[in-house]
Each structure stands twice: as C-alpha cells, then as structure tokens.
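I'm opening a fresh notebook page for this one. My plan is to go chain by chain, then look at where the chains meet.

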Amino acid sequence: MKYNKNIIAGALLLLNLNANAGLYATTIHSRANCVNNESITWYAGHSYDWRVYSFHWYDMNNTKKGYHVIDTGMSRTWRQAAVHWGESNPGGKYMVHGAHYYLYLGHQLLDNVTDVTDCSIYNGWWD
Amino acid sequence: MKKLILALGLFPMIALSAVTDEMQAEMNKELIKAGLPVPGSGLQVVPNGQIQVSGWQRDKFKSDAKEMKEKGYIDQTSERAYELMHFKEQVKRNGYSDNPSTNEGDSGLHRNASEIAFSYSYVGVPISEIKEIYGVAPSGAFLTLPQKGWTGAVVFFKSSFANCAYTEKNIVPGQGGVQVEESFSRYDVNNKLTTVEVEGNNNSGFLYNIFWFDLNYYRQLECATTSYSTNILKSTIDLAKKIDNN
C-alpha cells in the first residue's frame, strides 16, 4: 500500500513539475518531503550557466542531526536540478535550503535562497 | 474559532522552519569553500580570476572580454536576440495565460503586471519608454512571507529603438550576493555596479545586455536589433538609467 502511495505521489509531483517551469523567465524553488527533496532553477528552453546548492537538513525540529548537500556544479542548462530522489515522503521532517547561482561574463550572483519544509512549490523564504 | 485554531496550528510551522544564524553559518562554510557568494554578502568587486570557474569557462571569459574590447561585441549566434526580435510572433502563436499568477503554479505570460502577485512593490519600466507591450511574466521565487507573491518579473516590450526584455528581481533583505571581477565592473547606470555584454552576428541579430545591481534589486535589460552600433548600446544604457530612476 505504501508503494502505491509513493507511485501516486510521484505521479502528482511530475504533473506539478510541468506546470511550474519558468516559461518566460528564470524561476527558482525548493521542495521538501515530496517523495524527493529538491532545489531547482529553470527557464524552459533557455540555457544558462547555473549552479544549485541544495542543503537537506534531516530534522527541521532538531537541526543538530545535521544535513547533507547536493551540488550540481556549474553547467549550462535550462533546468539545473539538485534532487535527492525518494529521500522523504509527505509528512517527513526534512528542511530544504536551496542556494541558486548564475554565472555570466565576469560576474556571478546568488538569487534569493529557497527554504522549505513541505511539498508546495513556493518558497521563497519561510514555509 | 476554527480560523483561530488553524492560525495557531500554522504559526509553529513557520517559526520552526526559519533558518537560524547557526544553520546559515554551517551552510556558508560550504559555499565559501566553493568560492560562491553567501546570502547577505552584498555587492563585491573582486580581483580578476577570483570567480572560480572551470578551465574552459575561464578561457571563454578571456576571449569574450577580448572580443568586447576589440569589436565591441562577442561574435557568436545569439538565440536570445532572435527570440526578442520575433517576440510578437511568439505571443501571437502562444497567447497569454488565462490564470492570474497569484500562486506558485502559474509562470505564464500576462498582458500586464497587475495580473501577477508580487512579494514587493513591482516597479517595472516607465510607461513613457514603452511603445508597445508584449507581455509580463513572473520570475524568481514565489514567497509566502512577508507578502505572498513573486520576487520578480520580466516585461517584454518595444522601445523607441529595439525590442527589449527588462527583468527585475527584488532581493529579500539578507539574501542576495553578487561578485563582479574588477575588469568587468562598470558604473554606467546611475553609478551603480554595472556589467555590459553585447553578443551576436548578422544572422541572429545582436543582443545588448546590461546588468546593474544595488542591495535591493538585480536588474537586467536586454535589447535586440539586427545590427551592431555603439549608438544602440548607448540607447540601451540610457534606457537602463531611466528604468532605474522609475
């Protein structure tokens, strides 16, 4: 039964991904406890040099338990995704913090960071 | 009563999920080790070569800078220039989003910015500088606090000299960070830290790309034309100044 729930949750997640791509500009988000834990930068069909650092804190209620990091490295793509597939399910305790970097000629910048504790595609800042 | 219970139930979730200074310090160690700007590090002009990029990227920095100096532009096909010059046709093909971008699920193109929820007071391009507007779309992150909405937007429009796209990103206090290498740093736009890049060729058209920064906003103005001229670059910078003063 748990297996079926994961399949349904995964299917819903994939549907949601398609709906939320940056279609006319670069968008950034993180999601936590969403089958995956992830931080993603994207702009459909437009490739740029991007790097995403996604910090996955194991327990939002006890950060002493630590975290692990997914670093995409800097590469040219239209979708830079730091994803840990199947790391946590809805209701899990993870907190995800995404740092989204852009590299242009002679400069690099950090966009707003994205801190989340649930599966909604917002945020942003606090969740 | 139900609303009160709901509100009380939500509050701890918001409070618990905030990143503490201790957590941020831990994460910053990783980012600094990777040579990246950390949240809240502001605007930095750094020595040439300090931005850590792979070998081929460093070589490209050098060759692009050389071409900018010698020709005034980087001689390469610009897909973005072509896209902007033909943006009106794209809008005719794809149309506009029927849903207002008042939630995280819609990043489509809208007729104007009033159809988008912002997390800050959207500024945009002065109306006097827009000959025709092609559309506005969300950019950045969708925040829930302190105000529910997007952190930025791009507006596609026709100016007096070119088709342009202006992207505005509001930086949440204590979050952004910009590093510009010394040889690329300029102050063309109202004495704010600026970078200028022009790319293109006669097949694709030319893209005039201006970035400028302050502690509250990252701004980018891209204008596209069929040919290269220093006058068009000047017009693009002048337009950036007017946008900045808006």
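**Chain B, overview.** I counted the elements of chain B and got six helices and ten strands. I'm keeping in mind that this is a predicted model. Along the principal axes, the C-alpha atoms of chain B fill a box of roughly 65 × 45 × 30 Å. I then looked up burial: of the 246 residues in chain B, 40% are buried. For contacts in chain B with a separation of 6 or more, I found that 60% come from residues 24 or more positions apart.

**Helix α2 of chain B.** I checked the length of α2(B), which covers residues 21-33. Its 13 residues should span 18 Å at 1.5 Å a residue, and the end C-alpha atoms are indeed 18 Å apart, so the two agree. I also noted Gly35(B), which comes just after α2(B) and has a positive phi of about 75°.

**Helix α6 of chain B.** I repeated the length check on α6(B), which runs over residues 230-245. This helix has 16 residues and reaches 23 Å from first C-alpha to last, close to the 22 Å expected.

Which residues of α6(B) are buried? I found Thr236(B), Leu239(B), Ala240(B) and Ile243(B). Looking down the axis of α6(B), I see that these buried residues fall within an arc of 105°, so they line one face of the helix. Thr230(B), Asn231(B) and Asn245(B) sit on the other side of α6(B) and are exposed. I wanted to know what covers the buried residues of α6(B), and the cover includes the strands β5, β7 (186-189), β9 (205-213) and β10 (217-225) of chain B.

**Cys164 of chain B.** Strand β5 came up as part of that cover, so I picked a residue from β5 of chain B, namely Cys164(B). Why does Cys164(B) count as buried? I found 26 C-beta neighbours inside 10 Å of Cys164(B), and the cut-off for buried is 20 or more. Not counting residues up to four places away in sequence, Cys164(B) touches Leu84(B), Phe157(B), Ser159(B), Leu221(B), Glu222(B) and Cys223(B). I also took the separation between Cys164(B) and Pro37(B): their C-alpha atoms are 29 Å apart, with the two positions 127 residues apart along the chain.

**Chain A, overview.** Next I turned to chain A, which has one helix and eight strands. Reading along the sequence, I get the pattern α-β-β-β-β-β-β-β-β. Of the 127 residues in chain A, 52% count as buried. I looked at contacts in chain A between residues at least 6 apart in sequence, and 61% of them join residues at least 24 apart.

**Confidence in chain A.** How confident is the predictor about chain A, by mean pLDDT? The mean is 83, and 78% of the residues of chain A reach 70 or more. I marked residues 1-19 of chain A, where the pLDDT is below 50 and the stretch has eleven contacts beyond near neighbours in sequence. I marked residues 123-127 of chain A as well, again with pLDDT below 50, and with 28 contacts beyond near neighbours in the model. A reminder to myself: where pLDDT is low, the predicted coordinates should not be read in detail.

**Thr26 of chain A.** Where is Thr26(A) placed? I found it in the loop between α1 (2-20) and β1 (27-42) of chain A. Thr26(A) counts as buried because it has 24 C-beta neighbours inside 10 Å. In sequence, Thr26(A) and Trp42(A) are 16 residues apart, but in space I get 5.4 Å from C-alpha to C-alpha. Leaving aside neighbours within four places in sequence, Thr26(A) is in contact with Thr41(A), Tyr43(A) and a residue of chain B, Ser139(B).

**Where the chains meet.** That last contact sent me to the place where the chains touch. I found 50 residues of chain B in contact with 44 residues of chain A. Several elements of chain B give two or more residues to this side, among them α1 (2-17), α3 (55-70), β4 (149-158) and β8 (192-201). The largest share, seven residues, comes from β3(B). Sorted by class, the side of chain B that touches chain A has 29 nonpolar, 15 polar and six charged residues.

I also looked for strands pairing across the chains. Strand β7 (residues 107-110) of chain A pairs with β6(B) over four bridges, in the antiparallel sense. Which residue of β6(B) stands opposite Gln108(A)? I found Gln179(B) there.

Conventions:
Residues are numbered from 1 along each chain as its sequence is written. Chains are lettered from A and ligands numbered from 1 in the order in which they are written. This is a predicted model: local features need pLDDT of at least 70, side-chain atom pairs count only at pLDDT 80 or more; totals for chains, interfaces and linings use all residues. Two residues are in contact if their C-beta atoms, placed from the backbone, lie within 7 Å. Ala, Val, Leu, Ile, Met, Phe, Trp, Tyr, Cys and Pro count as nonpolar, Asp, Glu, Lys and Arg as charged, and the others, Gly among them, as polar. Two strands pair if DSSP finds at least two bridges between them. A residue is buried if 20 or more other C-beta atoms lie within 10 Å of its own, exposed if 12 or fewer, and partly exposed in between; C-beta atoms are placed from the backbone. The expected span of a helix is 1.5 Å times one less than its number of residues. The arc is that of the directions from the helix axis to the C-beta atoms. pLDDT is the predictor's confidence in each residue, from 0 to 100.
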